[in-house]
Amino acid sequence: MAGTGGTCASGSRSQQPPFTHIPEFTLHPGGFDVVLCIDFIETTAGASHRKRELVSELKRNKIDFDVRKLHVGDFLWVARERVHGCPGQANAPRPRELVLDYVVERKRMDDLCGSIVDGRFREQKFRMKRCGLRNRIYLVEDCSFVKHLSLPETTLQQAIVNTQVVDGFFVKRTKDVKESAAAAADVAMYLTIMTRYLQNLYLQKTLVSCRKEEQGAACSREDTDTDTCILLTFIDFNEGAMKNRAQTVKEVFAKQLMQINGISGEKAVAILGHYDSVASLMKAYEACPTVTGREKLLANIKCGNTQRNLGPALSKTVSQLYCAEGPLH
C-alpha cells in the first residue's frame, strides 16, 4: 500500500518549540466519513461506456464517492464531516472536508505517450509534487497496442520506472484487458481497496484542519505519534492546485527551469531549495568571480530521493542560459 497517512503531530521534539497551530475546525473519530472523490473528467470525457462502467463498479462495491472538479489528480479522498439537521432548520449545514494524504493520477499507456511528447507529463508530476499531499500514486493501465504508439515501448517503461525511483511516486500497474468492462473493474477494484484501507487507517484518528500556508510548519514538527493528523481543507487544497491561477515568482522560475532539457520537476525543486527566484540565482552568479565558478555553482545540489548531484553538465547549461550575453551555441 502506498505510503503512510497524513501529516501527524501530537507532541513536539525536545529541540523544537510546541506547535501552536490553531485549527479552523477538528474532526473527531466517529464524526466523519472517508469519501472517494473522482474528477468529473473521469466520468464524462473519452469513451463514455468505460466511464459509466467505472461508476457502476464502484456502486456495486458500495463505495461512497463523489464526482467533482479536481484541479490536480484524477482521484483523491476526503474526510467528510457527519452533519445533522437542527430543529427549525430546513437543511442540514454543509459538511466540512479535509483532504487525506493520497492522490491518484490515472494514465493509459497511449495517454502517457501523448503527455510525454507534448510535455504534460513533466508538468503534471511537478504539480502533484507541489499540491501538498505526500502519497502520490500513478495508476498506469497497460494496453495491447503499445508497440504501435509514437514512442518506443522501452521509452515508456523507462518513464514509468523514473516516476517511481527518481520522482518518488508509487506506481500501480493494471493488466492489459481488451474488454472495457474488465478494465473498469480493475481500476474500480484498486480504488475500492484503497478506500477501505484509508477508512481503516483514519478510523481512530483526530483530524485537524490547516491551510496551505500553514502546512510547512506542521510538517516541520511531525512526530511519530499518529493519533492526530493535520490535513488541508478541500477548498484550500483545490484552489491552490488551480492550473490557471496567478502564479508566484517561484512557480514561474520552476517552469522556466523545466524547459531546459534534462531538468525534471525533481531537479527544479532541488534548485528552488537553494534559489527561489531568478533574482536570487543571478545574485549568486554575480558573486562568482570566474566563468568556471558560475558553471559549477549548481553542480553539487542534491536531487530527489536518490540525492544524486545535479552534475556539472546541467549546472553549466543553466549558467549559460542565465549568464551568456550572446546567443547560445
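This text follows the strands of one sheet in a predicted model and then the helices that pack on that sheet.

The sheet is open and has 6 strands, ordered β4-β3-β5-β6-β7-β8, with mixed pairing. At its edges stand β4 (65–68) and β8 (170–174); each has a single partner strand, so one side of each lacks a neighbour in the sheet. From one strand to the next, the twist averages 30°.

Strands of a sheet pair through backbone hydrogen bonds, and the pairing is either parallel or antiparallel. Both senses can be followed here, beginning with strand β3 (residues 32–39), which pairs with β5 in the antiparallel sense over 7 bridges. Within this pair, Leu 36 stands opposite Trp 77 of β5. Strand β5 (residues 75–81) is also antiparallel to β6, with 5 bridges between them. One residue match here is that of Arg 80 with its bridge partner in β6, Glu 97.

Strand β6 covers residues 97–108, and 11 of its 12 residues are buried, that is, mostly covered. Towards β7 (residues 135–141) the sense is parallel, and 7 bridges join the two strands. Glu 105 stands opposite Tyr 138 in β7.

Two helices complete the picture. Helix α3 (residues 109–118) packs on the sheet, where it touches β6 and β7, and its direction makes about 90° with that of β6. Helix α5 (residues 153–165) also packs on the sheet, in this case touching β7 and β8, and the angle between its direction and that of β8 is about 140°. Strand β7 is thus touched by α3 and by α5.

Methods
Residues numbered from 1 in each chain as written. Predicted model: local features only at pLDDT ≥ 70, side-chain atom pairs only at ≥ 80, totals over all residues. Heavy atoms only, no water. Buried < 20%, exposed > 50% of the residue type's maximum accessible area, 1.4 Å probe, protein only. Helix = DSSP H or I, 4+ residues; strand = E, 2+ residues; numbered from the N terminus. Pairing = 2+ DSSP bridges. Axes fitted to C-alpha atoms, helices over the stretch in contact; angles between N-to-C directions. Contact = heavy atoms within 4.5 Å.
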